[in-house]
Every structure is written in C-alpha cells, then in structure tokens.
Amino acid sequence: MENKLGVYICTGCGIGEALDIEKLTAMGPQNGAAVVKTHEFLCGEKGSQIIQEDIKDEGINTIVIAGCSPRVNFDVFDYPGSLVERINLREHVIWSHTPNDEDTQMLAEDYMRMGISKVKKMELSEPHIEEDLTKAVLVIGGGITGMTAAIESAKAGYGVVLVEKEDKLGGFMGKLHKKLPMQYPYAKLEDPGVEAIVAKIDNDPDIKVYTSAEVGAIAGQPGQFDVTINTSGGAVNAKVGSVVLATGWKPYDATKLDTYGYGEFANVVTNVQLEEMAKNGKIVRPSDGRPAKNVAFIQCAGQRDPEHLSYCSSVCCLTSLKQAMYVRQQDKNAKAYIFYKDMRTPGSYELFYKAAQDDAGIFLTKGNVTSITEDGAANVVVEVNDTLLGAPIKVAVDLLVLATGMVPTTADEPILNLQYRQGPALPDLELYNGFADSNFICFPYETRRTGVYSAGAVKMPQTIAESIEDATGAALKAIQVVEAAAKGIAVHPRAGDNTYPEFFLQRCTQCKRCTEECPFGTLDEDEKGTPQPNPNRCRRCGICMGACPERIISFKNYSVDILGSAIKAIDVPDEEEEKPRVVAFVCENDAYPAFDMAGINRLQYNPNVRMIPVRCLGSVNTVWIADSLSGGIDGILLIGCKYGDDYQCHFAKGSELANYRLEKVQETLDRLALESDRIQLMQLAINDYDKIPSIIEEFMERLDEIGPNPYKGF
Amino acid sequence: MPAEKTGTILVVGGGISGLTTAVEAAETGYDVYVVEKGPSMGGRVAQLNKYFPKLCPPTCGLEINYQRIRKNQRVKYYTLAEVETITGQPGDYDITVKLHPRRVNENCTACNACVDACPVERPNDFNFGMDTTKAIYLPHQMAFPMRYVIDEKACKGGECAKCVEACKYDAIDLNMEPETISFKVGSVVFATGWDPYDASKLGILGYGKAKNVITNMMMERYAALNGPTQGKIVKPSDGEAPQTVAFVQCAGSRDENHLSYCSYICCMASLKQSTYIREQYPDAKITIFYIDLRAPGRYEKFLNKIEADENVTFIKGKVASIIEDPETGGVIVKAEDIMGGGIVEQKFDMAVLATGMQPTTAEKKLPADLKYDENGLIIEDPNKPGIYATGCAKRPVDVTTSVKDATGSALKAIQTMVRR
C-alpha cells in the first residue's frame, strides 16, 4: 500500500492561540503530506467529516492528527483501514508550557516531525491466525474448583479435558462431612453434594475425564496446546486451547509443629483428621476409640508463624467453627473450645460466626497456648493465657484439634510441566509463598504464561464459595484466550491488538536475549538457539524488541526503525543556542497518562524534553540511546512503572529489564569517560503527576552541570 | 465446537466489578451495555488513593480497563443512567434506561473554559463535600468519559448561562431533557456495588459532632493528590497536621444495630491508611482499636509490616464513645482494652471511623425480581439463569475478589445466551 499522508491540526482548546499554526501547517508539505488542514474543532462533527472526506476523495490512508491526547476522542478519530498517529499538542504542549514561546513552538514542531516520521514508516497489520486451532479447555485438578471450571466451560459450549490425580473426582470437598453455608443466612451447615456434581460431569459428553492421571507435559501455545496425560494405562495425548490450573492445596505437615503435642499425644489430631472422623460418622479419641466429648481447637497451628507458614490460611477459623458444630451435634452435652489469635470470618461469614457464638456449648476466646500436656487418662490438657477472661485457662479435653493451614500444590512441583524454554512451571511463585497467584489486584487472572489461568486454593487460601467464583472466572479467561487465538489478536493488557513481532532470522546471532527475557515465555529455541516464535503466547509488549542487539524484531506499527526515525526527526539546536534536548521514553500505560494529568492540572515543566511513548519500557532498545547521543541529544529519560516485588509494570518485567539494560549502558558510558548521568530511569506511577515538573527540573539541572553532549554538531 | 455466539449483556454499574464484567465479556466476543448512574465510570475504587497491600494507585488498573473499552467497540456505556424496567426472560430481555440530562453534550472537549466562567459553587460529592466544584465540573481528573457535567441542583440555568457563552464548541445545552432509551439483551449482571455506611448514624462515635472525626473514605480523599487538600492529610478543624490518630474498627460493621456482617476490607484499609499518615508525618502516632484483626490469606504480610512499626499501637477493644476535646479541639476516645483490662480513655488529634460497606440496594431496590437479605445484599438464586449479581452487590469483599467474581459473572451472562 502506498502511504498517502494527511495532516490535520486542531486549533481548538487554545492550541491556535498558543502556537504558530502557520508554521506547523507548513511542516506538512515539507514532510511529504498530500493534504494539510487545520480546523478549530477537529473532534466535532464537521472536523472529523473533513478527514472522512479526504479518505474517500483524496485517498488519504495515513493520518496525523495534531490536537488532544489519544486518550480522548479515540472514538471520533477512528478510521479503520488507515494508519492514525495522534500528536498531543494539547495536554503535552500548550497546557504544560508557556504559550507563544519559542521553546513551546519548537516542542510542537518537533512533535509534528516525530509523529509524521513515525507514521510514514508504519504499515497496517493483518492478524496472524495459526492453523488447526482447538477451543477445548484443559482443567488440571478435579476438586471443587476444577469441577466447577469444567462444568462452567462446558455450559458455554466448550469441550473440556479434566485431569485428576486421584482415582475419583471430588478433591478435598469429597472428603468433607459438611460444608459451610453458601448463602444467606449463613447459619446452617450444608451437605457437600459432591456426588451430584460428579454425576453432572459424568453425564456431560463435552467433558472428558481422566482420573488417576497427571499432566506429563504441555507444549505449544494457546489454541494449540499439546498435552501429554500420564494415566495408569499409559500416556494419552490431548489437544486443547487453554489451561485452568486448579490443583488445590495440601495440609501443612503437622509433624513439623513441635509445640502442640502432635505425634506425641494420641489425642492430638489435625483439622483434616477430624473431618475424616466426622465423615466416617464418629468423632473419637484415637487413644481408645471412645467418642470425643470435649474438644479443643487451636487456631493458627503453623499459620501466621514465620517458622512455618507466614500467611493466614483464611478458612481455618471457619473450619473450626464448623467442626465445633460437629462436636456439638454428636453430643448435645459436649463442649468445644476454640483458642484463636484473631477470629477471621470476614464478610458475610460473620453471620456464621454469630451462629456459632449463639451456641453456649462453643466456647471461644483469644489466647496464647502456653502448654499442652497429657493426663493419666490420655486427656489433653491445654493451658492458655492472655484470654478474653483476663485469667489463664486450663482445660482437659478428649481431643485437641490443630487447625493446620493450606500449602499450595505448586509450592514444590511444577505441575504444568510446560515444555517451554523458560522452564516447566509458572515463574516467580516465591513472591506469593508458592501460590499460583497474580501480582495484579485488578487483574487476578494474569499469570506469566498466556493461556494458563489458576483458580481456587492453588491461587490463594479461599473458601469453597470463593473457589467456585474463582473457577468460573478462570473458565471465562480460558474461553477468552481461545477466542482471541481464533482471531489472531492479543489478550490482556493489549487486548485486541492484531500486531505481532516478526523476526528477521537471517540476521539472528542466537544470543538468546529475547528467549530469556520475554516475561511470558513466548519464545522457544531450536537446537542452535534461534528463537521459535509462538505468537499466541505473545502479549505484544515489545520486550523482545528491546532486548535484541541485532534489531531484527519488529511489529508492523512499532519497531526500532519507526521509533528511531522519531528520534532522528528531533531538531537539535547548536550548542551556542543553549537549548539542551532530552528524549524521554515514556510508558504509554501509566507514565503517559500521568503526563496528561500534569497537563490537565496545567502543571508547567521544562520544554526541552521530547516524549516518545512506548508500549512498555522493556521495549526500549539501547540503540535508541546510541542514536540519541550520536544525534546530539543531551539527556535521555526512561519513565516507566515501579519494579521490584510489588511491580506495577503491566508486562511484569518490562521496567525492571529496562533498568538492567540501562545499567549496562551506563557502565559502558563510564568506561568511555562519558557522563552516565545523562541517562536515567525514573519510576513514575500514574498518580505521580505532581512530581513531573520537579523530576524533570532536577534532571535538567544535572544536565546543566554535566554540560552539553560532546557529540553535538558532529 | 461452540455454537455461533450472538447476544448482548446489560451490566448495571460501572465500578470495578461492572467494568470487569463488561470488558471480559466484550473481549470474549459479546456486546455489552454498561449503565452507570454517576457522571463517570470507576465507581468507588476511583475514590481510593491506593490499594492494599501493594499500595499501588487504583487509577493504574482503571486506565487499562478504559483502554480496553477504547479499543473495543463492543462496549457501549451510558453515564447518568438508570435502568428503569427489565421485562422478558433469559436470553430475551427488554430494557429501558433513563438518561438523566448531563447538560453537556458530546461536543465537550474538556477545555475547562466553562469552569472559569461559572459563578456557582457546589459541594464536591467526589470528595464527600470536603471541597467544592463549580456547578459545571469535570467529575474528577481521571474521569472516563472525560466530559464535563452540570449539577442541575446547583446550576442557575438560563438566567446565568455564562458557561454557554464561554463554550466555543456548542457543548452546553441547559435545556437538555431526560431521555428514555430501550434495547434488548440476553442477560443482566447487577454490579451495583456499595456506599459507605452512613456515619451520621454513628453519633456515639462523634461523627458530625466532633470536627476531627472523619470516615475512612474521607481519609482516602485527603490522602489522594486529587483530593480536597491535594494529598495532604490534615485535621478538618484547623487544617493542621495530626500528630496522633485513632482508627476505630467496625464502626457500624459486626453490629446488629447497623451492619450485621463484617465489611471485609476495613481492617486492611486502616492498616493501609496508617501508612499514608506515617509517610507524611514520620513522628505521628497511631492507635488502632479493633475487635479482630482481619488480614486473611497473604494479607498477613501487610499486617506484619504495620505491626513492626513502633509508632502504631493496636488495642483490642470496641470503642464506646468519641467526644470532642473542648480544650484542644481534638477527640477523646473511650474504649475497652480487653487485653490490658478495663477501659481506656485517650486523647487524639483525630479519629478515623473505619465505616463499612453498605450495598446500594439497601436503600434502593432494583427493577428486577430479586431477593435481598437483612442488609440489603442481593441473594442470588443459582437455579435462576439470566439475571446475576456480582461483587459487593452480593457480599462485602475486597477488590481482587470482586474482580474474580465479575469475571465469572461474565461467563454466567454468556452461558445464558449460548444455545447448545
């Protein structure tokens, strides 16, 4: 397609009064535009009509709109089939800089040149759709979470392969005597009802169940996963489009708890053992088989303890309340004692707590257990101080129950057994105590393996009711990713993006940076180390593009060359003019909107900075830094999201990788006796807009101390 | 293979739950209408300064969700809109929606000229009345859509019309009338969320009587850069920095006379807010009065972090009363101290009531055949397809649990429309 460029400059919102529009207009033809037009209200009906007409009558297919931020009027300036570049003259120029000032005008002119040079190099992208796609969902784990994910996926019309390690479905829920109430009034225990759920699965022709089976391997990509299932009858292969990880939890090993008499006294058991007794019909003293009348529960037996499980297991308070009800139901004269640190029955389960409190036979108190001994009759004697009664308590009970916590199945095993270059498991789970959780509060299904979604107790300690909801959400994500694969588009956070990275492999030196650094494990390698793309695993962040020293990775509308041309389009004044120039690579997700906010608040900052929005700071290729320096640019800023354990980067590792690469560049500059302070990375959250003027000013002051780029003018 | 998918979903409420249901369904291939009663999307989370436990800004995730809407034409949204009627059956509902007049049309460029011209001030409800805006205003800086709105109660109308004069874009129509629109959908998701529990019902805790008693949501606005004090936490009485602050947990929650449930988030919210104060005032001393510290799951780590701060003291006990200290203008908090024994009476510069969440449906029922519990929460009937409730409309939860639920609700809504 031949690019035919139209440049449209809006003079509304004060742009026309603050800038020399004639000069800006003249830049159109100078930069190859077939059409240049100005309008005082470009986003209005008549303004956008002008562009529509030029598309129709003049064959304009490459459009530069100089006006407001692309974050507004996105629906107005939407021209399918054309390339569109928005130049932010309003928020980033006139609202943040002195009107009718030479520097402000130079800024606007640079942005015009930069935008035009970028869009001229862009091409329209066609989605990349792989062949032989399948839409079935693999669910690993046949407990309540996995069964729910399977049923909910099937109800939406998708086939399911369900793999369960044990010889029957049900998981821990199948081992329960009763479950917590699922709904208001949250007062009465319910039958778990696992049989009915299993029957539903057995009768659903769209759900294929493998029991006594484990996932041996998962290879491929969303829409095209090849799964090897190890069954008792040998390996079976299945093709699926996505994966729900629902392998749940294991009880914490109570033998590691040395202070509660477990393993020492016969009548000390865990909450899991108590559940088993209740399910078998009778809660008894293991020492003599007599029914247990008085039972004590110790909460946080290992949880909230840095020696054991540093986290809270969320459900144990509720479980002990439930089990206290078992004790009372077995014998109306029985007594249950619950000793806790904090009674954690958040949300509506407070009503369940209330129901237990209403039973005088259930005695609840905060307290610290000081001693556990055994008397001559094998009773367990529990001593507790710091109680709500003020005085220490000593009780002799038939049975002591330790409310032990949950350990995620992913803590020790990869389970997924991904055949990925970056390894078989979900990465970074140590950030979440081994749980397969997301780092994002707003996006709890984000994992670093596209098409793999975790749910239930493998993700975080949670109740059955929460696990069911979580499983339903994971099923939606699993369905969504196969639908995206069918259209050749990205999933979150660049949902709908139909670009994908193309590799010019003839020039690849097999350095493996791209295959190592992709946060999503998109790239595999052949035996020589050449990257093997898997487009459906790709999130289109461009981190591979930033990593590649040979610059062979590019998107149709985003490449080293496209952004490099924007850098080269900056007019760098001579040293004598004393107008330093700074290029700022700005994360388009958070830092860019922060600059918009600065504009909306009319915060003023130094006009010598030229912003280049990037998909992610991780997509910044160090060649841009070299290009900038050799072009006489005095300083370079990389402004992106916070990194570290609580990272805010939407591509997980982007800003951290950018920082790592930058440190390498800085070392090189120091070796060459060039001032590495010329290049700095700043972490800026979306709501940090008030800091923008000062961080830029501080940087400019530092540049002033360093002096101009010695390459200027060469 | 799945059947060919068609169908449209109505999502009522444009907070984090509604937005999530909408974008997740749209990105799976379904059309969605979002009906939001306020002038912009984002709901309660837009008013929060930071999320626990990451202490990250909620606008970060909202911005991504808005980007997803910008890029996806399947999501249509109406603000200042309320669902009036829902008739029909699963897969085939007729919906009518009332659009309240914004008095600012789609010509608005958000240039702000109208605000400069407007002579009338109104209390800013986004900041719980702690500051004012003009009668024509942008709901807040991160508002989506980025469009101004006129408060019809404050605006003097045609007799003034200074904004009309100031607007170059014909964007203001003081005579805009309410409108009713109708469309068809296959399923409905209520993501109607929550309101802060009305603290004026907590007179015993000094709210409305002692000037330096505020709610936790007011604290969020104080701490937020786009709040009434540009992010500075101050005593309302004199605008000075507080040196001692009491947090009062379960202010209305876990209380038969107010909200019988636990509001789930208030312990974590107060722990989070103690970091706001400690960051601004390194010498400030904080006392948290609580019944149980509820930091479930891995939130425990955040609790540990605050517990390690020697300027934060925890007292287990319910606060019995708060009165203004006539000498200092501060507050006198009287509470049980269960572990220490007896009653404590302590003076603070300021008290923050950790008020809970009340479902919006406690006050106003929805135009659908739904059951509610004693607190006004929607009780979902698992055997009744077509109409669903999600997030805090169903029970009090934190953001991440709401988002999970909202994602699942998108699937339930989709299932209704799939003919197998």
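Student: Before we look at T85(B) and T96(B), when do two strands count as paired?

Tutor: Two strands pair if DSSP finds at least two bridges between them. This is a predicted model, so that criterion is applied to predicted coordinates. The cut-off to remember is at least two bridges.

Student: Great, so which residue stands opposite T85(B)?

Tutor: Start with the strands: β4(B) pairs with β5 (residues 92–99) of chain B in the antiparallel sense, over eight bridges. Within that pairing, the residue in β5(B) that faces T85(B) is T96(B).

Student: Which strands sit at the edges of the sheet that holds β4 and β5 of chain B?

Tutor: The sheet is open and has three strands, in the order β4-β5-β10 (chain B), with antiparallel pairing. From one strand to the next, the twist averages 20 degrees. An edge strand pairs on one side only, and here the edge strands are β4 (81–89) and β10 (179–185) of chain B.

Student: What does the radius of gyration of chain B agree with?

Tutor: Chain B has eight helices and 24 strands, and its C-alpha trace spans about 65 × 55 × 35 Å along the principal axes. For 420 residues, a compact globule would have a radius of gyration near 22 Å. Chain B has 23 Å, so the value agrees with that of a compact globule.

Student: What share of the contacts in chain B joins residues at least 24 apart?

Tutor: For context, 57% of the 420 residues of chain B count as buried. The contacts considered are those between residues at least 6 apart in sequence. Of these, the share joining residues at least 24 apart is 69%.

Student: Which elements of chain B do the buried residues of α5(B) pack against?

Tutor: Helix α5 (residues 216–223) of chain B is mostly covered, with eight of its eight residues buried. Among them are M217(B), M218(B) and M219(B), along with the charged residues E220(B) and R221(B). The packing partners in chain B are β12 (194–196), β13 (213–215), α6 (266–280) and β20 (350–355).

Student: How far apart do the C-alpha centres of domain 1 and domain 3 of chain B lie?

Tutor: Chain B is divided into domain 1 (8–100 + 178–195 + 358–417), domain 2 (113–166) and domain 3 (198–355). Domain 1 brings 13 residues into contact with 20 residues of domain 3. On the domain 1 side, those residues divide into six nonpolar, four polar and three charged. The C-alpha centres of domain 1 and domain 3 of chain B lie apart by 31 Å.

Student: Which element gives the largest share of the side of chain B that touches chain A?

Tutor: Across this interface, 66 residues of chain B are in contact with 70 residues of chain A. The elements of chain B giving two or more residues are α2 (58–71), α7 (300–307) and α8 (399–417). By class, this side of chain B has 30 nonpolar, 16 polar and 20 charged residues. The largest share, 13 residues, comes from α8(B).

Student: Moving to chain A, how far apart do the C-alpha centres of domain 2 and domain 4 lie?

Tutor: Chain A has 18 helices and 30 strands, and its C-alpha trace spans about 100 × 60 × 55 Å along the principal axes. The chain is divided into domain 1 (1–124), domain 2 (137–250 + 408–487), domain 3 (253–404) and domain 4 (558–714). Between the C-alpha centres of domain 2 and domain 4 of chain A, the distance is 43 Å.

Student: Is V64(A) buried or exposed?

Tutor: V64(A) lies in strand β3 (residues 62–67) of chain A. Beyond residues up to four places away in sequence, V64(A) touches L5(A), V7(A), Y8(A), E85(A), I87(A), G115(A), I116(A) and V119(A). A residue needs 20 or more C-beta neighbours within 10 Å to be buried. Because V64(A) has 24 inside 10 Å, V64(A) counts as buried.

Student: One last strand pair: which residue in β19(A) stands opposite V384(A)?

Tutor: Strands β17, β18 and β19 of chain A form an open sheet in the order β17-β18-β19, with antiparallel pairing. Its edge strands are β17 (368–374) and β19 (393–397) of chain A. Strand β18 (residues 380–385) of chain A pairs with β19(A) over five bridges. Opposite V384(A) in β19(A) stands I393(A).

Methods:
Residues are numbered from 1 along each chain as its sequence is written. Chains are lettered from A and ligands numbered from 1 in the order in which they are written. This is a predicted model: local features need pLDDT of at least 70, side-chain atom pairs count only at pLDDT 80 or more; totals for chains, interfaces and linings use all residues. Helices (H or I, at least four residues) and strands (E, at least two) are DSSP runs, numbered from the N terminus. The radius of gyration is taken over C-alpha atoms; the globule rule is 2.2 Å times the number of residues to the power 0.38. A residue is buried if 20 or more other C-beta atoms lie within 10 Å of its own, exposed if 12 or fewer, and partly exposed in between; C-beta atoms are placed from the backbone. Two residues are in contact if their C-beta atoms, placed from the backbone, lie within 7 Å. Domain bounds come from an automatic or database domain assignment. Axes are lines fitted to C-alpha atoms, for helices over the stretch in contact, and angles run from 0 to 180 degrees between N-to-C directions.
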